[in-house]
Amino acid sequence: MTKIVIIGDLHIGARNSNKIVEHWQQRFFEEQFWPYIEQHNIKNIIQLGDWFDNRRWINLNSMAFNKAMMVDKINELNITVHTMIGNHDIPYKHSLANNSPQQIMGHEPNINIWQEPGNFTIDDVNFTMIPWICKENEVECMEAIQEGGDICIGHFEIAGFNMMQNHKNIDGLNASLFEKWNTVWSGHFHTQSKNANIHYLGTPYQMSWNDFMPKNGFWVFDTHDRSLVFINNPLRYFHRIEWNDGSNYPVENIENSYVKLSIKKKTDFEAFEKFLDKINFHRPFELKVLEDFEEYSSENIEDLINVASTQELINQYIDDVSTEKVNKGKVKEIMQDIYKISLEVEE
């Protein structure tokens with residue numbers, strides 16, 4: 001019997017190597033992840049791609065952070081790691097060449113970096129690793145997917161699953177392609193979701209306001225009974241506080257955090273100013289005060305209009321304005337890529 005830790009997208013160097021994000025990543029690794037690994041004598045980790053964040057370059061401080069938080073601990077505890085290349089790990093759109101995990105950690109004996117489909121076995125459980133699918137490797141990856149098997153692990157973009165809270169992906173692979181697999185685990189989308197045999201496992205920590213609602217943490221797989229148990233990460237550093245002529249929000253937890261203060265009702269200005277001072281006393285990294293226009297909320301107008309998703313509106317607009325000489329499918333693909341990248345940009 002072996003227990004294996006499964007952890008999602010790490011995004012080391014997230015948001016242009018933002019030091020606040022790095023601070024909370026470090027707390028997660030030092031206070032939760034590695035203590036759990038040591039306490040339970042875990043010797044195998046599977047990571048789901050996007051080890052690094054920036055597609056073009058890696059900050060030297062981020063490289064040092066990765067060595068201290070990940071590589072050194074992996075070597076110290078003699079842990080075997082399996083990871084595959086994610087879309088954030090590659091500098092080219094259609095190729096996995098010069099990917100950052102291989103360039104930075106390819107010499108590490110304990111870290112297996114899957115750049116093409118392949119298999120490994122632990123306790124008679126067979127795992128198939130499939131990296132990010134692009135033009136260069138599409139044929140071999142699709143052949144591996146269609147072959148089927150026991151547990152398929154990848155960094156997939158599958159239609160019908162939430163990219164993030166309330167943002168459903170309408171493009172990508174059809175879920176029916178994975179029908180021959182007992183189980184599919186995927187990184188890429190930061191929100192946990194499950195449908196049939198496909199399970200998006202989410203990220204270990206928050207990295208932007210898009211991660212405000214979803215649960216974060218990691219998973220433990222038992223090869224004996226094939227159970228998959230979620231280990232919650234309670235550290236939250238994106239806080240939405242509502243002021244409705246008062247608030248009981250525990251502001252003592254907001255140091256080094258991003259805070260949005262939404263005003264629903266403000267008739268007692270003195271009380272509001274005191275609460276604002278209280279927030280600032282606890283030193284948030286960033287505080288935004290938002291006036292709330294409830295009468296214009298989606299809940300109050302949903303009966304009046306039919307709301308389409310942004311992706312649907314993009315496709316509809318291209319269909320309406322493109323001429324016959326334009327490859328609408330290609331234009332849609334480019335615009336959808338731009339839209340998905342924009343969702344990752346800091347608010």
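**Figure 1. The second largest cavity of the predicted model**. In this predicted model, the second largest cavity encloses about 30 Å³ of space. The structure holds two cavities of 30 Å³ or more. The lining of the second largest cavity is made up of I7, L10, W34, I45, Q47, W51, M70, I74 and V81. Strand 2 (44-47) and helix 3 (60-76) are the elements that give two or more residues to this lining. By residue class, the lining comprises eight nonpolar residues, one polar residue and no charged residue.

**Figure 2. The salt bridge between D72 and K67**. The closest N and O atoms of D72 and K67 are 3.0 Å apart. D72 has a relative accessibility of 31% and therefore counts as partly exposed, the class being bounded by 20% and 50%. K67 is likewise assigned to the partly exposed class, because its relative accessibility is 46%. The count for the structure comes to ten salt bridges.

**Figure 3. The salt bridge between R283 and E255**. A separation of 3.0 Å is found between the closest N and O atoms of R283 and E255. The pair links distant parts of the chain, 28 residues apart. R283 belongs to the loop between helix 6 (269-281) and strand 17 (286-291), whereas E255 belongs to the loop between strand 15 (238-244) and strand 16 (258-265). R283 counts as exposed because its relative accessibility is 56%, where the cut-off for exposed is over 50%. E255, at 36% relative accessibility, counts as partly exposed.

**Figure 4. The salt bridge between K266 and E291**. The side chains of K266 and E291 meet at an N to O distance of 3.6 Å. K266 lies in the loop between strand 16 and helix 6, and E291 lies in strand 17, so the salt bridge ties together parts that are 25 residues apart in sequence. K266 counts as partly exposed, with a relative accessibility of 24%. E291 is also partly exposed, its relative accessible area being 48%.

**Figure 5. A salt-bridge network formed by E38, K73 and E76**. The view is centred on the three residues E38, K73 and E76, which are linked to one another in a network of salt bridges.

Methods:
Residues are numbered from 1 along each chain as its sequence is written. This is a predicted model: local features need pLDDT of at least 70, side-chain atom pairs count only at pLDDT 80 or more; totals for chains, interfaces and linings use all residues. Side-chain values use heavy atoms; hydrogens and water are left out. On a 1 Å grid over the protein atoms alone, a cavity is a set of points where a 1.4 Å probe fits but cannot get out, and a pocket is an open set with protein on both sides within 12 Å along at least five of seven lines; lining residues have an atom within 4 Å of a point. Grid points are joined across faces, edges and corners, and a volume is the space filled by probe spheres set on the points. Helices (H or I, at least four residues) and strands (E, at least two) are DSSP runs, numbered from the N terminus. Ala, Val, Leu, Ile, Met, Phe, Trp, Tyr, Cys and Pro count as nonpolar, Asp, Glu, Lys and Arg as charged, and the others, Gly among them, as polar. A salt bridge is a side-chain nitrogen of Lys or Arg within 4 Å of a carboxyl oxygen of Asp or Glu. Buried means under 20% relative accessible area, exposed over 50%, partly exposed in between (1.4 Å probe, protein chains only).
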